[in-house]
Amino acid sequence: MTTKKAPNGTGIKRIRLLWSLFLKERSEPEPFYQALGAEAAFDLEKRYGIQGHRILDVGCGPGWYAEAMRKYGAAVLGIDGDMGVLTRAQPPISGLMLGDATLMAFPDNSFDGVFCSNMLEHTSSPSMVVDEIIRVLKPGGWGYLSWTNWYSPNGGHNMNPYQYLGPKWGPRLYEKRHGPPPDNRYGEGLFAVHIGSTLRMIRQRTDISITRIEPRYWPWARFIIAIPGLREFFTWNCVIRFNRRN
Ligand SMILES: C[S@@+](CC[C@H](N)C(=O)[O-])C[C@H]1O[C@@H](n2cnc3c(N)ncnc32)[C@H](O)[C@@H]1O
């Protein structure tokens, strides 16, 4: 399937649609993630032409992104560390496997593209995940790395906006007042991953070339990424695109 039309529309229409789905995300996750999946797959198809690409979706969740990329003819495998999440879609989406993104059982140079959406902030070892993503990419292959950074308005997940008190006091105060969150508890399923430190880690690498860094939902505003401090709030969700060097 190829289409030239952006699946969620453009401009204000797109933001309104995504925002209305995001507000219902807790009770109805599927429409929101399907819309994001369609958008991501459309973007990757436009950028790289993913038909026939062998793609790995790291921290794939229920597989909505994998499903969306398959509509463009990509062969997608997904890996996630939580069996409950892998079977959440009904019926479950095929081609997903249980595994740890910090130590993946794939040989080096296995994939044309590696997609990793919103999992970096859920691991205590983001740099090990990045190592693994690059290891399994073929030379010249593309990488997509996006995450919700800690000081994003959604960075605290269940405990928004307590993250603004910092990773030491925010979670403590939240839990004192509300009890532990149902998921993504700080230090277990959620970690403070900042844009500045992640960019420093990524820019040190000599085995990739970074092609673009941008806010995921408003990529036109990528000038924000160059402004320390402000970027930690206004980016909301940061995307780093890169290619593995030959
Ligand atoms: C918020 S979900 C993101 C799901 C999907 N990629 C998306 O963008 O909607 C984060 C996922 O990362 C998975 N995850 C966290 N740490 C992991 C690890 N070390 N190895 C594999 N999966 C991991 C979690 O189980 C969870 O399903």
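A residue counts as near the ligand when one of its heavy atoms lies within 4 Å of the ligand. Keep that cut-off in mind as we walk through this structure, which is a predicted model.

Let's begin with the ligand itself. There are 16 residues around the ligand, and those that come nearest are Gly59, Asp80, Gly81, Ala101 and Ser117. Sorted by class, this shell holds 7 polar, 6 nonpolar and 3 charged residues.

Three side chains are worth finding on your screen. Asp80, one of the nearest residues, has a side-chain N or O atom 2.6 Å from an oxygen atom of the ligand. Ser117 is also among the nearest, and a polar atom of the Ser117 side chain lies 2.5 Å from a ligand oxygen. With Asp100 the ligand partner is a nitrogen atom, which is 3.0 Å from an N or O atom in the Asp100 side chain. As for how much of the ligand is covered, the ligand exposes 600 Å² when taken alone, and the protein buries 82% of that.

Now step back to the surroundings. The ligand sits in the largest pocket, whose volume is about 1,500 Å³. This pocket is lined by 48 residues, and Tyr33, Asn118, His122, His157 and Asn184 are the closest to its centre. Helices H1 (11-23), H2 (29-48) and H3 (64-70), together with strands S1 (54-58), S2 (75-80) and S4 (111-117), each give two or more residues to the lining of the largest pocket. H1 gives the most, with 5 residues. The lining of the largest pocket is made up of 21 nonpolar, 17 polar and 10 charged residues.

There is another pocket to visit. The second largest has a volume of about 530 Å³. Its lining consists of 25 residues, and nearest its centre you will find Arg14, Glu39, Asp43, Arg216 and Pro219. The elements giving two or more residues to this second lining are H1, H2, strand S6 (208-215) and strand S7 (238-244). Here H2 gives the most, with 7 residues. By class, the second largest pocket is lined by 12 nonpolar, 9 charged and 4 polar residues.

To trace how the two pockets relate, follow the helices: H1 and H2 appear among the elements that give two or more residues to the lining of the largest pocket, and H1 and H2 also appear in that list for the second largest pocket.

Key
Residues are numbered from 1 along each chain as its sequence is written. This is a predicted model: local features need pLDDT of at least 70, side-chain atom pairs count only at pLDDT 80 or more; totals for chains, interfaces and linings use all residues. Side-chain values use heavy atoms; hydrogens and water are left out. On a 1 Å grid over the protein atoms alone, a cavity is a set of points where a 1.4 Å probe fits but cannot get out, and a pocket is an open set with protein on both sides within 12 Å along at least five of seven lines; lining residues have an atom within 4 Å of a point. Grid points are joined across faces, edges and corners, and a volume is the space filled by probe spheres set on the points. Helices (H or I, at least four residues) and strands (E, at least two) are DSSP runs, numbered from the N terminus. Ala, Val, Leu, Ile, Met, Phe, Trp, Tyr, Cys and Pro count as nonpolar, Asp, Glu, Lys and Arg as charged, and the others, Gly among them, as polar. A polar contact is a pair of N or O atoms within 3.5 Å; within protein, one must be able to donate a hydrogen and the other to accept it, and residues adjacent in sequence count only if both atoms are side-chain atoms. Accessible areas come from the Shrake-Rupley method with a 1.4 Å probe; for residues, only the protein chains shown count as cover. A molecule sits in a cavity or pocket if more than half of its atoms lie within 2 Å of its grid points.
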